[in-house]
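I opened this model to look up its cores, pockets and cavities. My notes follow in the order I took them.

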Amino acid sequence: MPRFTVHIRDEWLAVPCRDTTSTIRWLGQEALKRYIKNKPDNGGITALKDTRFVVRRCQGLGLLDADDTIEDVLEDNDFVELAIEGDTMSPDFIPCEPGVSHLTAAYREPGEFISLDGSSLTSTDLVNLGKGLYKIKLTPEAERKVVQSRDLLDTIVKENKVVYGITTGFGKFARTVIPVSKLKELQENLVRSHSSGVGNPLSPERTRMLLALRINVLAKGHSGISLETLHAMIQAFNASCLSFVPEKGTVGASGDLAPLSHLALGLMGEGKMWSPKSGWADAKYVLEAHGLKPISLKPKEGLALINGTQMITSLGAEAVERAQAIARQADIIAALTLEVLKGTTKAFDSDIHMLRPHPGQIEVAQRFRSLLDSDHHPSQIAESHRFCDRVQDAYTMRCCPQVHGVANDTIKFVQNIINTEINSATDNPMVFADRGETISGGNFHGEYPAKALDFLAIAVHELASISERRIERLCNPSLSELPAFLVNEGGLNSGFMIAHCTAAALVSENKVLCHPSSVDSLSTSAATEDHVSMGGWAARKALRVVEHVEQVLAIELLAACQGIEFLRPLRTTTPLEKVYELVRSVVKPWIKDRFMSPDIEAVHRLLLDQKVWNVAKPYIDKYQTEYIPESRPISPTAFSLESPASPRKRVRHE
């Protein structure tokens with residue numbers, strides 16, 4: 001029989017429906033009857049037939065017409081909210097903010113799997129798991145290790161051995177021995193008491209990443225989790241049943257205790273959960289609607305679920321993946337700006353960069369050559385100023401390989417740290433089944449990812465800092481030889497005047513956000529945990545810095561494309577024309593002032609989806625394969641190619 005879960009004020013009610021040709025009005029009235037029945041004062045409702053209400057889906061908050069039939073607008077096990085006229089929305093109802101999640105009611109479970117073994121997951125994999133592109137399963141070897149680890153713990157409990165976190169309290173209470181009869185309660189109390197985070201919940205995508213990463217760590221077989229509990233976590237992940245995890249509350253040692261406790265709490269059927277079907281609802285109802293049961297914790301399992309650096313690392317994985325994507329595209333955008341400002345390509349000569357052979361610098365210079373080489377990609381704009389008397393450009397154009405390059409090298413460094421952390425066992429105590437013992441250590445300390453993510457924020461910020469200065473050059477007629485603020489009839493129209501101000505504001509915010517959080521430490525847990533990493537804030541602010549960088553570069557890309565309009569009918573190089581055409585597919589040229597925020601958002605989305613990179617990459621790749629110096633071998637770390645300004649003969653490979 002179909003059943004629907006209806007939220008009224010502070011109650012969740014299961015309403016069976018024998019006849020789905022009944023109306024939404026009938027469903028609301030039936031839910032109200034059940035609500036009144038449970039209240040001594042009828043919930044303050046004096047006349048049911050006179051009570052006016054509206055019904056909306058929990059996911060997406062779409063209003064439902066009272067006269068529509070249930071079968072036309074709802075599916076079995078759907079979750080709906082009933083709001084009584086005169087009430088405010090239920091205080092414990094958490095709407096999913098529009099735009100926050102792509103895992104909507106239209107979400108379809110993926111058919112492909114990623115196999116987790118605790119050793120081979122990458123930051124790219126983790127982000128794709130967050131996006132809902134894959135389900136997960138364990139490898140047979142991982143399952144074997146998990147079973148061996150659990151067998152050792154069961155032996156410890158049977159033999160009444162005193163082991164931290166298994167038969168003792170936690171932190172300051174590590175010397176308090178707990179009776180065997182209360183070991184289950186010990187683990188449940190741990191999760192409940194540590195679920196003390198505050199702030200907005202992580203988005204569904206980020207919660208999927210957090211859950212997937214915790215499963216991967218448990219799959220290493222050094223945490224003592226039972227295979228039964230781990231399989232229950234995997235089932236919840238594959239159904240996208242995601243706990244309410246507040247974004248604030250971790251100090252990054254002993255691990256991310258608060259957020260991981262919230263993650264575990266939902267799996268226990270307590271607190272709130274989100275799924276594409278239900279939106280936010282009580283965890284027990286969300287699990288039940290997906291045919292799942294709450295997990296029942298065995299000795300040490302509460303500790304195994306909450307002790308580790310997975311909050312820092314999962315957010316860090318997203319930050320470093322997005323940083324890598326925007327850094328590549330920053331080179332393309334800067335190259336387009338250089339064309340519009342009629343700059344020279346001489347500064348990208350490969351011989352210059354071989355004298356300072358940082359891999360990132362060489363790579364960026366090569367990208368500029370592959371996009372601007374007039375021998376390979378003729379440019380009418382470049383030809384128009386070939387014989388000008390300008391000797392060199394401003395630093396914001398000439399020094400892109402040096403500034404962008406160190407950002408690229410930093411991203412690779414941070415990515416290595418994050419990928420190592422993704423596949424590390426980070427809880428305590430560690431279980432070594434092959435040695436038959438558990439050992440207390442400090443792998444939960446988040447200093448590694450915290451320091452790396454502070455470094456990431458500082459390096460990536462510079463892409464926005466230099467971009468904002470290029471926007472200034474595009475908008476300033478004394479520097480660009482273009483109309484002021486890139487618009488005709490200046491005065492009547494303001495053009496890009498305030499878009500540049502937005503870029504400046506974002507860069508200024510980043511200067512504050514780049515202050516490293518990991519230089520701070522506050523002693524906690526009665527001085528037991530007397531040095532902490534503050535890695536949770538390092539990860540969250542790194543993400544915010546990366547987002548600001550994306551937005552600033554979106555503004556620069558818009559401004560550069562607008563600058564092209566004033567140089568027509570001249571054309572730039574083929575790859576940059578393709579980038580221009582991509583932007584114009586979502587944003588039309590500025591003829592006069594209009595609402596600009598949607599334009600910025602549209603181009604930001606192009607950057608998030610890496611469409612600018614995807615358009616230019618074939619040309620970059622082709623240049624690298626066709627234009628190779630005749631007398632110099634290619635270094636494995638330094639991708640050196642001849643520049644257009646070099647007199648050395650090129651060898652074209654057919």
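Before the pockets, I set down the term: a pocket is an open set of grid points with protein on both sides within 12 Å along at least five of seven lines. I also note that this is a predicted model.

Entry 1, second largest pocket. I looked up its volume, which is about 450 Å³. I then asked which residues are the closest to its centre. They are Thr344, Thr345, Lys346, His385 and Arg386, out of 20 that line the pocket. Two elements give two or more residues to this lining, helix 11 (310-340) and helix 14 (380-384). Sorted by class, I find eight charged, seven nonpolar and five polar residues in the lining.

Entry 2, helix 11. Since helix 11 had come up at the pocket, I checked its geometry. Helix 11 has 31 residues and reaches 45 Å from first C-alpha to last, close to the 45 Å expected at 1.5 Å a residue. Is helix 11 mostly covered or mostly uncovered? I find it mostly covered, with 30 of its 31 residues buried. Lysine 342 follows helix 11 and has a positive phi, near 55 degrees.

Entry 3, nonpolar cores. The largest nonpolar core has 156 residues. Those that touch the most other members are Ile215, Leu305, Leu453, Leu456, Phe496 and Leu557. I took leucine 456 from that list and looked up what it touches. Leaving out residues up to four places away in sequence, leucine 456 touches Ala319, Val320, Ala323, Thr410, Ile411 and Val414. There is also a second, separate core of 22 residues, including Val6, Ile8, Ile24 and Ile84.

Entry 4, cavity. I asked how many cavities of 30 Å³ or more the structure holds. It holds one, and the largest cavity has a volume of about 30 Å³. Its lining consists of Arg214, Met233, Leu260, Leu263, Ala264, Leu267 and Leu305. Leu305 I had already noted in the largest nonpolar core. Helix 8 (residues 257-267) gives the most to this lining, with four residues. By class, the cavity lining has six nonpolar residues, one charged and no polar.

Entry 5, glycine 249. I located glycine 249 in the loop between strand 10 (246-248) and helix 8. Is glycine 249 buried or exposed? Its relative accessible area is 52%, so it counts as exposed, the cut-off being over 50%. Last, I checked its distance to proline 575: the two are 326 residues apart in sequence and 47 Å apart in space, C-alpha to C-alpha.

Methods. Residues numbered from 1 in each chain as written. Predicted model: local features only at pLDDT ≥ 70, side-chain atom pairs only at ≥ 80, totals over all residues. Heavy atoms only, no water. Core = buried A, V, L, I, M, F, W, Y, C linked by side-chain atoms within 4.5 Å. Buried < 20%, exposed > 50% of the residue type's maximum accessible area, 1.4 Å probe, protein only. Contact = heavy atoms within 4.5 Å. 1 Å grid on protein atoms, 1.4 Å probe; cavity = no way out; pocket = protein on both sides within 12 Å on 5 of 7 lines; lining within 4 Å. Points joined across faces, edges and corners; volume = space filled by probe spheres on them. Nonpolar A, V, L, I, M, F, W, Y, C, P; charged D, E, K, R; others polar. Expected span 1.5 Å × (residues − 1).
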